[in-house]
Amino acid sequence: MSLVRLNIKGISYSQTQNGAYALILTEQDGERKLPIVIGAFEAQSIAIALEKEIKPPRPLTHDLFKNFADRFDIVIKQVIIHKLVDGVFYSSIICERDKIEEIIDARTSDAISLALRFQAPIFTYKNILDKAGIFLKGNTNPEEFTEEDEVLMDEIILEEESTSSGDDYKKMSLQELHNKLEQAVASEDYETAAKVRDEISKRN
């Protein structure tokens, strides 16, 4: 499968859902965009890495990882978004130390935060872009968001929110809740997992 290089266009904040963000990746040699819904902490970390002039007084988690890697001569060579399952993107970080290459599994938001700090390229496979890529209309400048872009990103975030939190947990049995919890953890949807866990705790 052929790899497609992606660039970061920016982060869109949902006007209707508090704390919800969409990270927009653009196809380097094309017009498609790959939107990925991320949390507030990850959005902050990516935004700080994009804004070179902003320096937090203490290192964030991803800054700490970068400092740790630098100290032990570990270099991130590239990040690959290699899988898409039920709306969840899975990524690999390709690292190198002493000319030995290692592949580390990571959440896509974490992988991209680190790629920015190491100035490493970001890739995905063509079939993932074919499946999840979209065209953002009316925008010829890949560096800027238009109003149409913002509306479309808001719709994507809303769809993601309704998918992850649309269930009425109070109506579910304990067994269904435990199954839901396992599914949420497996898909790395920790916000939903926390809500389900709270409902389980109320009944114990």
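# A tour from the sheet to the helices

Start by selecting residues 3-13 and 21-27: these are strand 1 and strand 2, which pair in the antiparallel sense over seven bridges. Keep in mind on this walk that the model is predicted. For a register mark, pick Leu 6, which stands opposite Glu 27 in strand 2.

Now hide strand 1 and look at strand 2 on its own. How many of the seven residues of strand 2 are buried? Six are, so strand 2 is largely enclosed by the rest of the structure. A residue counts as buried here when its relative accessible area is under 20%.

Next, add residues 32-38. This is strand 3, and strand 2 pairs with strand 3 in the antiparallel sense over six bridges. The two strands form a hairpin, with four residues between them. To check the alignment, select Ala 22 and find its bridge partner in strand 3, Val 37.

**The whole sheet**

Zoom out and colour the strands by number. You are looking at an open sheet of eight strands in the order 6-5-4-7-1-2-3-8, with mixed pairing. Which strands stand at the edges? Select 100-107 for strand 6 and 134-135 for strand 8: each has a single partner strand, so one side of each is left without a neighbour in the sheet. As a reminder while you trace the pairs, strands of a sheet are joined through backbone hydrogen bonds, either parallel or antiparallel.

**Strand 4 and its two partners**

Move to residues 75-85, strand 4, and residues 88-97, strand 5. They pair in the antiparallel sense over nine bridges. Val 75 makes a handy landmark, as it stands opposite Glu 96 in strand 5.

Now show the side chains of Lys 83 and Tyr 90. Lys 83 stands opposite Tyr 90 in strand 5, and the charged end of Lys 83 sits over the ring of Tyr 90, 4.6 Å from its centre.

Follow the chain from strand 4 into strand 5. This hairpin has two residues between the strands, and in it Asp 86 takes a positive phi near 50°. Most residues other than glycine have a negative phi.

What about the other partner of strand 4? Select residues 122-125, which make up strand 7: strand 4 and strand 7 run parallel and are joined by three bridges. Here Ile 80 stands opposite Phe 123 in strand 7.

**Two aspartates in loops**

Two further stops have an unusual backbone angle. Select Asp 73 in the loop between helix 2 and strand 4. Asp 73 is not a glycine, yet its phi is positive, at about 55°. Is Asp 73 buried or exposed? With a relative accessible area of 56%, Asp 73 is exposed.

Then jump to Asp 98, in the loop between strand 5 and strand 6. Asp 98 also has a positive phi of about 55° without being a glycine, and Asp 98 is exposed, with a relative accessible area of 58%.

**Rings around helix 2**

Go back along the chain and show Phe 68 and Phe 72. The structure holds one aromatic pair, and this is where you find it: Phe 68 and Phe 72 are tilted, 5.0 Å centre to centre with 40° between the planes. The tilted label fits because the angle lies between the under-30-degree limit for stacked rings and the over-60-degree limit for edge-to-face ones. Phe 72 is partly exposed, at a relative accessible area of 40%.

Next, select Lys 66 and Phe 118. The charged end of Lys 66 sits over the ring of Phe 118, 5.0 Å from its centre.

**The second largest pocket**

Switch on a surface and select Ala 49, Ile 54, Lys 55, Asp 63 and Arg 117. These lie nearest the centre of the second largest pocket, which is lined by 15 residues. The elements that give two or more residues to this lining are helix 1 (40-50), helix 2 (61-71) and helix 3 (108-118). Helix 2 provides the largest share, three residues. Coloured by class, the lining shows six nonpolar, two polar and seven charged residues. The space in this pocket comes to about 370 Å³.

**Last stop: helix 7**

Finish with residues 190-203, helix 7, and pick out Asp 198 within it. Asp 198 is partly exposed, with a relative accessible area of 38%. Draw a distance from its C-alpha atom to that of Tyr 169: the two residues are 29 apart along the chain, and the atoms are separated by 9.8 Å.

Definitions and conventions:
Residues are numbered from 1 along each chain as its sequence is written. This is a predicted model: local features need pLDDT of at least 70, side-chain atom pairs count only at pLDDT 80 or more; totals for chains, interfaces and linings use all residues. Side-chain values use heavy atoms; hydrogens and water are left out. Two strands pair if DSSP finds at least two bridges between them. On a 1 Å grid over the protein atoms alone, a cavity is a set of points where a 1.4 Å probe fits but cannot get out, and a pocket is an open set with protein on both sides within 12 Å along at least five of seven lines; lining residues have an atom within 4 Å of a point. Grid points are joined across faces, edges and corners, and a volume is the space filled by probe spheres set on the points. Ala, Val, Leu, Ile, Met, Phe, Trp, Tyr, Cys and Pro count as nonpolar, Asp, Glu, Lys and Arg as charged, and the others, Gly among them, as polar. Rings of Phe, Tyr and Trp (its six-membered ring) pair if their centres lie within 6.5 Å; planes under 30 degrees apart count as stacked, over 60 as edge-to-face and the rest as tilted. Buried means under 20% relative accessible area, exposed over 50%, partly exposed in between (1.4 Å probe, protein chains only). A charge sits over a ring if NZ of Lys or CZ of Arg is within 6 Å of the ring centre and within 35 degrees of the ring normal.
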